[in-house]
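Hi everyone, thanks for making time. I'd like to walk you through one structure today, so let me put it up on the screen.

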Amino acid sequence: MKWMIASDIHGSAYYCRKLLEAYMEEGADRLLLLGDILYHGPRNDLPRDYAPKEVIALLNERKNDIYCVRGNCDTEVDQMVLEFPVLSDYCVLAEGTQAIYATHGHIYNEQKLPPLHSGDILLHGHTHVPKCVVHETEQYICMNPGSVSIPKEESWHGYMIWEGKNFVWKDFDGQEQLRYSV
């Protein structure tokens, strides 16, 4: 199965459209959103084409393809308008004997780990910075797709693709920015 993984849309209709265009071009089977879908949050400037109602409509058209975890900017009112579940703090995906613990990052992160086994992956957004860090001592991998609409630390607007044992970070021009194989 081919997964597209993205985080931190923050109500940007422009970047939500770019994400869904990339989803179609990639031929992904599922879209995993790591939270902060509609609201931009008090610490962020408004993203390009901030239009949460348009984001709602765009994502609801793909409701059967989307899995989502709750971000720190997501609330019960968001669940009232989005037609797919958005309020779970995490989900766990399995690939063979390896678990991928997907969360937003404001509750569980590298400073406060969820339950992980050796070789598991902690996958989160929240920081708006793409990364892949292998923690040898604790024997887990931390991955972050970065931000769809408000990248930080001079990173790119983009997403991740997970297929089999390969993880690829891409920008919206389709350029590969980072790759990791487990």
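Let me start with a little puzzle: which residue does Trp 169 stand opposite in β11? The answer is Leu 178. Before going on, please keep in mind that this is a predicted model.

That pair belongs to strand β10, residues 166-171, which runs antiparallel to β11 and is joined to it by five bridges. If you follow the chain around the turn, the hairpin of β10 and β11 has four residues between the strands, and Gly 174 takes a positive phi near 80° there.

On its other pairing, β10 is joined to β9 by six bridges, again running antiparallel. Here Trp 162 has Phe 167 in β10 as its bridge partner. The hairpin of β9 and β10 has two residues between the strands, and in it Gly 164 takes a positive phi near 65°. How enclosed is β10 by the rest of the structure? Largely, because five of its six residues are buried.

Now let's zoom out to the whole sheet. There are six strands in an open sheet, ordered β3-β2-β1-β9-β10-β11, and the pairing is mixed. Which strands stand at the edges? They are β3, residues 66-68, and β11, residues 176-181; each has a single partner strand, so one side of each is left without a neighbour in the sheet. From one strand to the next, the twist averages 20°.

Packed on this sheet is helix α1, residues 13-26, which touches β1 (2-6), β2 (30-33), β9 (158-163) and β10. The direction of α1 makes about 165° with that of β1.

Next, the helix pair. The axes of α1 and α2 come within 9 Å and cross at roughly 15°. The two helices are therefore roughly parallel to each other, and their crossing is left-handed. On the α1 side, the contact is made by Ala 13, Cys 16, Arg 17 and Leu 20; on the α2 side, by Glu 54, Val 55, Leu 58 and Leu 59.

Which residues of α2 are buried? Val 55, Ile 56, Leu 58, Leu 59 and Asn 60 are. What do these buried residues pack against? Their partners are α1, β2, β3 and α3, the last of these being residues 76-81.

Let me also show you a residue in a loop. Asn 44 is found between β2 and α2, the latter spanning 52-60. Is Asn 44 buried or exposed? With a relative accessibility of 12%, Asn 44 counts as buried, because the cut-off for that is under 20%. Leaving aside residues up to four places away in sequence, Asn 44 touches His 10, His 128, Ile 150 and Lys 152. With Lys 152 there is also a polar contact, side chain to side chain, at 3.1 Å.

One more hairpin before we finish. Strand β7, residues 131-135, runs antiparallel to strand β8, residues 140-144, and five bridges join them. Lys 131 stands opposite Asn 144 in β8. Which residue takes a positive phi in this hairpin? Gln 139 does, near 60°, in a hairpin with four residues between the strands.

That's my tour. Happy to rotate the view and go back to anything you'd like to see again!

Note on methods
Residues are numbered from 1 along each chain as its sequence is written. This is a predicted model: local features need pLDDT of at least 70, side-chain atom pairs count only at pLDDT 80 or more; totals for chains, interfaces and linings use all residues. Side-chain values use heavy atoms; hydrogens and water are left out. Two strands pair if DSSP finds at least two bridges between them. Axes are lines fitted to C-alpha atoms, for helices over the stretch in contact, and angles run from 0 to 180 degrees between N-to-C directions. Contact means heavy atoms within 4.5 Å. Buried means under 20% relative accessible area, exposed over 50%, partly exposed in between (1.4 Å probe, protein chains only). A polar contact is a pair of N or O atoms within 3.5 Å; within protein, one must be able to donate a hydrogen and the other to accept it, and residues adjacent in sequence count only if both atoms are side-chain atoms. Angles under 35 degrees count as roughly parallel, over 145 as roughly antiparallel, 65 to 115 as roughly perpendicular and the rest as oblique. A crossing is left-handed if the near helix is turned anticlockwise from the far one by less than a right angle, and right-handed if clockwise.
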